[in-house]
Amino acid sequence: MNIYSAPLQGFTEAVWRNVHSRVFGGIDCYFTPFLRYEHGEIRSKDIRDVERKNNSAKRLVPQIIVADKNEMARLLDLIRREGYERVDINMGCPFPLQARRRCGAGILPYPEHVAEIMNEVRLNSDIVFSLKMRLGWSDKNEWKNLLPVINETPLSHVTMHPRLGVQQYKGTVDIEAFSEFYNECLHPVVYNGDLLSLSDIKRIENDFPCLDGIMLGRGLLANPALGIEYMNGKELGNKELAALVRKMHDEIYDVMVQRLQGNTQFLSKLKPY
Ligand SMILES: Cc1cc2nc3c(=O)[nH]c(=O)nc-3n(C[C@H](O)[C@H](O)[C@H](O)COP(=O)(O)O)c2cc1C
């Protein structure tokens, strides 16, 4: 199975990805937090996050969130300019600001709208696209209306986070519904959601042996060794893990200290790690 690092706005930014890949590794591919085209521009902070000169993780895929083909064209311009060949489309973000624009998970109740975006995927055939989605916005069967068009679109894989948009990150993941999706999706499937330990990963691998991979989000933030533990087939000892976490924090510190001003700003950025 491939091990992917999930996009998490505010956390898995270039600094974290660069340092994580250097200190821990164990990740086949990192995904950037979503890029958006908003108020006629792409935020400079988001541009910096995907610029090649700021990224050292070997395999990196930019993620985009789009309402229409114009937004998509603007974002693909930047991505092509930076020489990326793969792009992930976000159809899972539950934040109301995005959902109201029929973006992220807010697009899931609208099959025609998904079909429009999938048509753009077909038209931009120089890029290999993947999709990250939820079961639906408010109904766990919404994906069933989308699957025909998703199955017909050339995609490298589909990542499924089996919650609803309205749940945000609350409640439990719906493994039964995921199982249905896994059986019906014709693309390679990646599982994402609530994998916090090596035994969680092994359970999913055992239950879904044909998975293309798993995507680790909060579990990888909490234990940055999770990917390497899977690759080695065993957990890291406490001492070794503590030493590596220390090294990771020291390296993040070294980068951040040059950028952030004052202890308050610095602490609010570093403390969540
Ligand atoms: C703070 C935060 C920011 C996130 N940002 C993104 C994002 O930019 N793009 C995306 O596809 N998912 C985003 N997600 C969702 C995660 O990628 C992942 O799907 C979710 O956390 C479930 O996986 P996990 O249980 O392994 O964390 C975010 C989640 C959180 C908690």
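These legends go with a set of close-up views of the structure above. What you're looking at is a predicted model, where local features need pLDDT of at least 70, side-chain atom pairs count only at pLDDT 80 or more, and totals for chains, interfaces and linings use all residues. Residues are numbered from 1 along each chain as its sequence is written.

**View 1. The barrel: eight strands close up in the order S1-S2-S5-S6-S7-S8-S9-S10, with parallel pairing.** From one strand to the next, the twist averages 30°; axes here are lines fitted to C-alpha atoms (for helices, over the stretch in contact), and angles run from 0 to 180 degrees between N-to-C directions. Strands (E, at least two residues) and helices (H or I, at least four) are DSSP runs, numbered from the N terminus. Two strands pair if DSSP finds at least two bridges between them.

**View 2. Where S1 meets S10 and S2.** Strand S1 (residues 2-5) lines up parallel with strand S10 (residues 213-216), and four bridges join the pair. Look for Ile-3 opposite Ile-214 in S10, and for Tyr-4 opposite Met-215 in S10. S1 also pairs with S2 in the parallel sense, this time over two bridges. On that side, Ser-5 stands opposite Tyr-30 in S2. As a general reminder when you trace a strand, side chains in a regular one alternate between the two faces of the sheet.

**View 3. More of the barrel wall: S9 with S10, and S5 with S6.** Strand S9 (residues 189-192) pairs with S10 in the parallel sense over three bridges. Here Asn-192 has Met-215 in S10 as its bridge partner; Met-215 is also the residue that Tyr-4 stands opposite. Elsewhere, strand S5 (residues 60-64) runs parallel to strand S6 (residues 86-91), and two bridges join them. Ile-64 sits opposite Ile-89 in S6.

**View 4. The ligand and its shell of 22 residues.** The closest ones are Ala-6, Pro-7, Pro-33, Gly-217 and Arg-218. A residue is near a molecule or strand if its C-beta atom, placed from the backbone, lies within 6 Å of it. Strand S2 (29-35) and helix H9 (218-222) each chip in at least two residues of the shell. By type, the shell splits into nine nonpolar, 10 polar and three charged residues. For that tally, Ala, Val, Leu, Ile, Met, Phe, Trp, Tyr, Cys and Pro count as nonpolar, Asp, Glu, Lys and Arg as charged, and the others, Gly among them, as polar.

**View 5. Helix H3 (residues 69-81), with a buried side and an exposed one.** The 13 residues of H3 should span 18 Å at 1.5 Å a residue, and the end C-alpha atoms are indeed 18 Å apart; the expected span is 1.5 Å times one less than the number of residues. Met-72, Leu-75, Leu-76 and Ile-79 are buried in H3. They cover an arc of only 105° around the axis, so they end up on the same side of H3. (The arc is that of the directions from the helix axis to the C-beta atoms.) On the other side of H3, you'll find Asn-70, Asp-77 and Arg-81 exposed. Buried means 20 or more other C-beta atoms within 10 Å of a residue's own, exposed means 12 or fewer, and partly exposed is in between, with C-beta atoms placed from the backbone.

**View 6. Helix H5 (residues 111-123), seen the same way.** H5 has 13 residues, which should span 18 Å at 1.5 Å a residue, and its end C-alpha atoms agree at 18 Å apart. The buried residues in H5 include Val-114, Ile-117, Met-118 and Val-121. These cover an arc of only 100° around the axis, which puts them on the same side of H5. Glu-112, Arg-122 and Leu-123 are exposed on the other side of H5.

**View 7. Two loop residues with positive phi: His-39 and Gln-168.** His-39 belongs to the loop between strand S3 (37-38) and strand S4 (41-42), and its phi is near 50°, positive although the residue is not glycine. With 6 other C-beta atoms within 10 Å, His-39 is exposed. Gln-168 is in the loop between strand S8 (158-164) and helix H7 (175-184), and its phi is near 50° too. Gln-168 has 13 other C-beta atoms within 10 Å, so it counts as partly exposed.
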